[in-house]
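Student: Please take a close look at one part of this structure, the place where the ligands are held. I would like to know what surrounds them.

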Amino acid sequence: MSVYTTLTLAELGPFLARHDIGQPLSLEGISAGVVNTNYRLTTSRGIYILTLIESGERDYLPWMLALLAHYRERGVPCPLPIADNRRQMLHTLKNRPAILVSFLDGELPNPLTPGHAWQAGRLLARLHHGAQSFDYPRENPLGPVAWRSILAQLTPMLQEDVTTLELLQKTLIESETVLFCHKTLPSGIGHADLFPDNTLFDGEVLTGAIDFHYACTLPWIYDLAISLCAWGFDEEGAPRPKMMSELWRGYAEARPIDPDELQIVPVAMRAAALRFSLTRLRDFHFPRQGLQVTRKNPAAFLRLLHWLWENPSIIKQLGHP
Ligand SMILES: Nc1ncnc2c1ncn2[C@@H]1O[C@H](COP(=O)(O)OP(=O)(O)O)[C@@H](O)[C@H]1O
Ligand SMILES: N[C@@H](CCOP(=O)(O)O)C(=O)O
C-alpha cells in the first residue's frame with residue numbers, strides 16, 4: 001500500500017466546498033499503487049479518486065488531464081478529470097499537487113486469463129489510435145536519459161554484482177543505439193505503464209485503464225513491449241506464453257504491426273525490461289518514506305531481462321503469422 005501523505009475529510013473542507021460532488025461520506029487510503037498517494041472519496045453523488053502527486057515532476061499534470069479528457073470524448077475507457085466550480089482541475093493539498101478523477105468500476109484482473117490479456121492488447125491499440133488526434137507531445141520522462149542517471153545512482157550498490165551491472169549497461173547501450181535512434185518506427189502517445197494492475201475488469205470484461213502518469217510520446221512497439229513484459233511473465237520472471245501471444249493478438253488485430261517493428265521486438269522488450277529493472281532497483285535501494293509503501297520486486301524484471309537476452313527468438317512465442 002502506498003500512502004505517503006495523510007489526509008482527513010476535515011482537512012478537505014475548502015477543497016470539497018469548491019466541488020459540486022455532493023456531501024462527503026468517507027475518505028479511505030488505497031491499498032495499491034507505488035508512486036502517488038491515492039484516496040477513495042465517497043460522497044452522496046458517487047465515488048471519486050483523489051490523488052496527491054508525490055514525485056518531483058508536476059508540470060505534466062495539465063497535459064495528462066487534457067489527455068484523459070480527450071480519451072473520454074472518444075469513448076476510450078479511462079478516468080474522467082473532475083473540475084471545480086472555477087473550472088480548475090489542478091489543486092494543492094498538503095503542499096502537493098492534487099487531482100480528482102472519476103472512479104472506474106471493476107477489479108484488478110486476478111487471476112489473469114488469456115482473455116484479459118487479449119483485451120489489454122486491444123485497449124493499448126485504442127490508446128494509441130485515440131491519441132493520434134491529440135496534438136501535444138510529451139517527452140518520455142523515463143527514457144534513456146533518465147535511465148543513465150538512475151544507473152549512475154545504482155552503480156555503487158551493484159559493484160559486487162558485476163553480472164547485473166554489465167547486463168544493465170549493455171541493454172542501455174542497445175536501447176539508445178538501436179531502438180531510440182530508429183527514425184521510422186510508428187510513434188505517438190502511449191500509456192507507458194499498462195501493467196495488469198493498471199487495468200480494471202468486470203469479470204472478463206474490461207472497464208478501463210488507470211494511472212496515466214507516465215503517458216508520453218514513444219515508439220508504439222516499445223509501449224507494446226512494456227505490456228508484453230508486464231503481462232507475459234509471472235512474478236518470478238518466468239514466461240507465460242499464452243498471455244504474451246493473446247496480448248499481441250489483441251493489439252495486432254487493432255493495429256497491424258510494421259515489418260520494421262516486428263524485427264525490433266526483442267530489442268524493445270529488453271528496453272522495457274531494463275526500464276522496470278532500473279526503477280524497481282532504485283525504489284529498493286533508495287526507498288521513500290510513507291505511512292504505507294508498496295515496493296515491487298526488482299529480481300523478477302532482472303530475471304526477465306536475462307531471459308530475453310538468452311531467447312532472442314521471442315517473436316516465435318508471440319504466434320505472429
Ligand atoms: N480512477 C480510478 N478508478 C478506480 N480505482 C482507481 C482509480 N485510480 C486509481 N485507482 C485505484 O488506486 C490504485 C492505485 O492507483 P495508481 O494510479 O496505480 O497509483 P500510483 O499513481 O501510485 O501508481 C489502483 O490499483 C486502483 O485500485
Ligand atoms: N508499473 C511499475 C510501477 C509503477 O507503479 P504504478 O503503481 O504507477 O503502476 C512497476 O511494475 O514497476
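Tutor: What follows goes through the two ligands in turn and ends with a cavity. This is a predicted model, in which local features need pLDDT of at least 70 and side-chain atom pairs count only at pLDDT 80 or more, while totals for chains, interfaces and linings use all residues. Residues are numbered from 1 along each chain as its sequence is written, chains are lettered from A and ligands numbered from 1 in the order in which they are written, and side-chain values use heavy atoms, with hydrogens and water left out.

Ligand 1 is surrounded by 19 residues, where a residue counts if one of its heavy atoms lies within 4 Å. The closest are Asn36, Asn38, Ser102, Leu104 and Asp211. The shell around ligand 1 holds 11 nonpolar, 6 polar and 2 charged residues; here Ala, Val, Leu, Ile, Met, Phe, Trp, Tyr, Cys and Pro count as nonpolar, Asp, Glu, Lys and Arg as charged, and the others, Gly among them, as polar. Domain 1 (13-102) and domain 2 (114-318) both give residues to this shell, so ligand 1 lies between them. The domain bounds come from an automatic or database domain assignment.

Ligand 1 also has polar contacts (pairs of N or O atoms within 3.5 Å). An oxygen atom of ligand 1 is 2.8 Å from a polar backbone atom of asparagine 36, and a nitrogen atom of ligand 1 is 3.0 Å from a polar backbone atom of serine 102. From the side chain of asparagine 198, a polar atom lies 3.2 Å from an oxygen atom of ligand 1. Alone, ligand 1 exposes 550 Å², and the protein buries 90% of that (areas by the Shrake-Rupley method with a 1.4 Å probe).

Asparagine 198 also serves ligand 2 as a neighbour: an N or O atom in its side chain is 3.1 Å from an oxygen atom of ligand 2. Polar side-chain atoms of two aspartates are placed likewise, with aspartate 193 at 2.7 Å from a nitrogen atom of ligand 2 and aspartate 211 at 2.4 Å from an oxygen atom of ligand 2. The protein covers 93% of the 340 Å² of accessible area that ligand 2 has on its own. Among the residues surrounding ligand 2 are Gly33, Phe195, Arg280 and Lys296. By class, this shell has 4 nonpolar, 2 polar and 4 charged residues. At least three residues come from each of domain 1 and domain 2.Finally, the second largest cavity is lined by Asn140, Leu142, Ala192, Tyr214, Tyr222, Ile226 and Arg275. A cavity is a set of points on a 1 Å grid over the protein atoms alone where a 1.4 Å probe fits but cannot get out, and lining residues have an atom within 4 Å of a point. The lining divides into 5 nonpolar, 1 polar and 1 charged.

Methods. Polar contact = N/O pair within 3.5 Å; in protein donor to acceptor, adjacent residues only side chain to side chain. 1 Å grid on protein atoms, 1.4 Å probe; cavity = no way out; pocket = protein on both sides within 12 Å on 5 of 7 lines; lining within 4 Å.
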